[in-house]
Amino acid sequence: MVVSHDVKVSLPRWIPWSPGCLLSLVSFLPVLCLASLPFTAMADTAMPIDFRRETIYFVLTARFADGDPSNNFYNRDRIKLGDPQWRGDFKGLMDHLDYIKDLGFTSIWISPPVENRSGLDYHGYHAYDWTRVDPRLESPGATYQDFIDAAHANGLKVIQDVVINHSSNYGIRNQVWIDRLPHKYFRPAHAVFTAPYALNLGNYLAPYHEDNDNPVAPAWFREHQHQDDVGDVTFIDPSTGLSLDQFRQTPDRFFNTDVAHLSTQWYHPDGYMAGGDWENPRSVQRKHLCGDCMDLATERPNVKAYLNSAILGYLNMGVDAIRLDTAKHVDRDELLTYVHTWQEHRPGLFVFAEVMVKGLGYGDLEGNDNGPSAIRPWWYTRNGHDAKDPHSGGDSGLSVIDFALFSTFRDNLTKGNFDGLGGVFAHDWIYGDATKLVTFFQNHDVGPDNDFKYRFGGESWRAAVAYNLLWTARGIPALYYGEEIEFMKGAPQDIAGEHDTLDQSGRAYFGDHLTPEGQRASRMHPMYRHIQRLNLIRQRIPALQTGAMSQVHEFGSGISYVREDARSDSYVVVGLAADMHTGFTVAPVRNGTYVDAVTGCSRTVHDGRLVFGVKAHSAGIWVLDGTAKIGVDGAFLQSEGC
Ligand SMILES: [Ca+2]
Ligand SMILES: [Ca+2]
């Protein structure tokens with residue numbers, strides 16, 4: 001047997017790939033499973049939460065903090081010894097709630113916690129069993145329920161990332177089987193395997209190296225799971241009748257999915273996405289995103305019942321809000337039947353969807369882009385039926401991630417100016433409610449550069465100014481783990497090259513910065529202190545949370561606007577400066593006495609004009625009837641003489 005412990009197995013690229021797809025090449029299975037969650041249809045009595053009052057810290061749980069090395073697991077793709085992809089866990093997250101709280105965040109958005117299957121599934125977006133939490137995230141005393149309870153005890157809310165568009169290419173445990181040979185028999189000619197996959201590509205932790213435990217698999221598959229420990233016996237493929245020579249195998253029957261034979265009870269029979277499909281709603285919503293993202297028949301009652309039952313179970317566990325992945329790949333009306341089912345169970349539940357677009361995304365409105373509105377973010381926030389007229393319907397109850405605002409950052413904030421932001425905010429009317437948009441500077445998929453690919457790598461002050469905007473403009477700011485210390489600055493958000501590993505990417509393991517020494521250093525980082533102060537300021541000024549935004553005036557080196565929340569009678573005038581001292585005259589504003597939360601300076605306005613100056617990289621946040629400066633000066637938010 002040709003085995004090596006230190007050379008990667010090189011596999012052909014036979015799996016269709018598409019941009020934005022969380023690519024993986026091979027798959028595996030852990031066998032440990034926890035008891036099923038208590039799914040009931042009991043009404044949920046949790047009080048509605050106005051999520052506009054929150055700020056969000058987003059973690060890929062498996063990459064954040066490792067509290068229990070015994071549940072660590074190497075995926076089969078992109079192995080880097082010493083850095084198992086499944087590393088962080090709920091114990092690690094529970095151990096560092098104080099870190100997230102110290103930064104001033106009130107909510108934690110976690111990557112999907114349900115049990116996954118694929119060659120690179122640490123991120124959670126390749127679900128295999130929605131009814132179970134992935135055992136690689138849990139430990140005794142640190143289950144998902146324990147984490148939710150600990151977060152609540154610390155005053156933090158939990159946002160669960162949910163995928164309903166697709167399953168893994170293993171099918172769904174107990175529900176549907178996708179035909180394939182057991183991976184433990186896979187040994188291509190001349191292959192050498194990387195440890196810990198020393199003998200084959202079966203699950204190295206499982207007895208008999210089985211890679212799939214689906215009870216609805218056919219008898220021949222289940223028999224082979226529990227015999228022939230490492231797949232040494234010559235195996236006859238029951239589908240092709242071919243005898244599989246131990247070292248002359250092709251990957252087709254091991255990894256690829258024959259989409260012509262998928263169960264139409266569970267999957268769409270429309271094949272894989274191809275280049276021309278991305279602006280075609282029917283293709284976008286029915287084709288498989290990639291080799292391990294199989295498009296579910298989300299309109300079928302059995303699919304709906306399965307997914308909804310699981311998600312109501314998580315709501316019953318105390319999950320506070322839901323982030324909905326790959327939403328544009330499900331028809332809006334269909335998607336809303338899911339969201340509304342959850343909201344019937346939990347009135348007021350906040351759900352925000354990823355309707356990804358790299359551009360303003362107004363669709364076939366006003367000639368901004370040629371794409372159909374049916375796959376644009378605003379459409380999902382509305383319930384009308386005229387794609388040319390947002391006002392044909394009101395707020396759908398679903399919010400979205402603000403890709404329009406984000407997509408301008410590569411041309412404005414990262415270049416040190418505010419150009420084009422006024423145009424974005426002028427289109428806020430398109431959304432059902434723009435104050436509920438979830439805003440961000442970068443995340444696990446995209447960054448604010450020309451290619452939308454990298455963690456921001458430019459001068460720190462430019463990021464700081466971007467955060468000044470996100471924390472004072474409409475929308476709910478979300479920070480991606482590590483941004484507070486400019487973690488992996490300039491690195492690609494995801495692996496790209498054939499030999500890249502996670503430690504080279506924006507998804508690198510963060511725990512080294514969470515040790516006592518690491519935290520001491522982090523807490524002194526100028527960006528950490530900046531985020532901390534912005535959270536404090538936003539928390540103290542209701543208009544920055546829920547207020548409508550008006551009087552947006554953008555002029556390159558500066559931007560100003562007014563936020564007003566009538567219900568709390570909170571009124572604030574904001575001016576942001578880029579890299580030079582900038583003067584602002586904002587009018588008309590309410591008369592009265594204002595105090596700048598940044599400097600503590602006060603001004604009394606008699607003629608409807610508020611005039612003030614802002615230092616480079618700083619902000620003026622003038623609160624009507626304000627009382628005091630909020631927080632202490634740092635590298636970016638600074639006082640000067642009044
Ligand atoms: Ca761990
Ligand atoms: Ca779909």
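**Exercise 1. Describe how helix H8 packs on helix H9 in this predicted model.**

Step 1. Two packed helices are described by the angle between their axes and the distance between the axes.

Step 2. H8 covers residues 301-316 and H9 covers residues 332-345. Helices are DSSP runs of H or I, at least four residues, and strands are runs of E, at least two, numbered from the N terminus.

Step 3. The angle is about 35°, and the axes are 10 Å apart. Axes are lines fitted to C-alpha atoms, for helices over the stretch in contact; angles run from 0 to 180 degrees between N-to-C directions.

Step 4. List the residues that meet. H8 brings Leu 307, Asn 308, Ile 311, Leu 312 and Leu 315; H9 brings Tyr 338, Thr 341, Trp 342 and His 345. Contact means C-beta atoms, placed from the backbone, within 7 Å.

Step 5. Sort these residues: six are nonpolar, three polar and no charged. Ala, Val, Leu, Ile, Met, Phe, Trp, Tyr, Cys and Pro count as nonpolar, Asp, Glu, Lys and Arg as charged, and the others, Gly among them, as polar.

A note on the model: it is predicted, local features need pLDDT of at least 70, side-chain atom pairs count only at pLDDT 80 or more, and totals for chains, interfaces and linings use all residues. Residues are numbered from 1 along each chain as its sequence is written, while chains are lettered from A and ligands numbered from 1 in the order in which they are written.

**Exercise 2. Place strand S13 and its side chains.**

Step 1. S13 spans residues 350-353. Strand S12 (residues 321-324) pairs with S13 in the parallel sense, over four bridges. Strands pair if DSSP finds at least two bridges between them.

Step 2. Pick one bridge: Ala 321 partners Phe 350.

Step 3. Phe 350 and Phe 352 point one way, Val 351 and Ala 353 the other way. All are buried, that is, 20 or more other C-beta atoms, placed from the backbone, lie within 10 Å of their own.

**Exercise 3. Trace the open sheet that contains S19 and S24.**

Step 1. Six strands run in the order S17-S18-S19-S24-S21-S22, with antiparallel pairing.

Step 2. Find the edges: S17 (548-554) and S22 (602-605) each pair on one side only. The twist averages 20° from one strand to the next.

Step 3. Zoom in. Five bridges join S19 (residues 570-577) to S24 (residues 619-624). Val 574 stands opposite Ile 621.

Step 4. Add helix H13 (residues 460-472), which lies across S19 and S24 at about 165° to S19.

Notes:
Contact = placed C-beta atoms within 7 Å. Buried ≥ 20, exposed ≤ 12 C-beta atoms within 10 Å, placed from the backbone.
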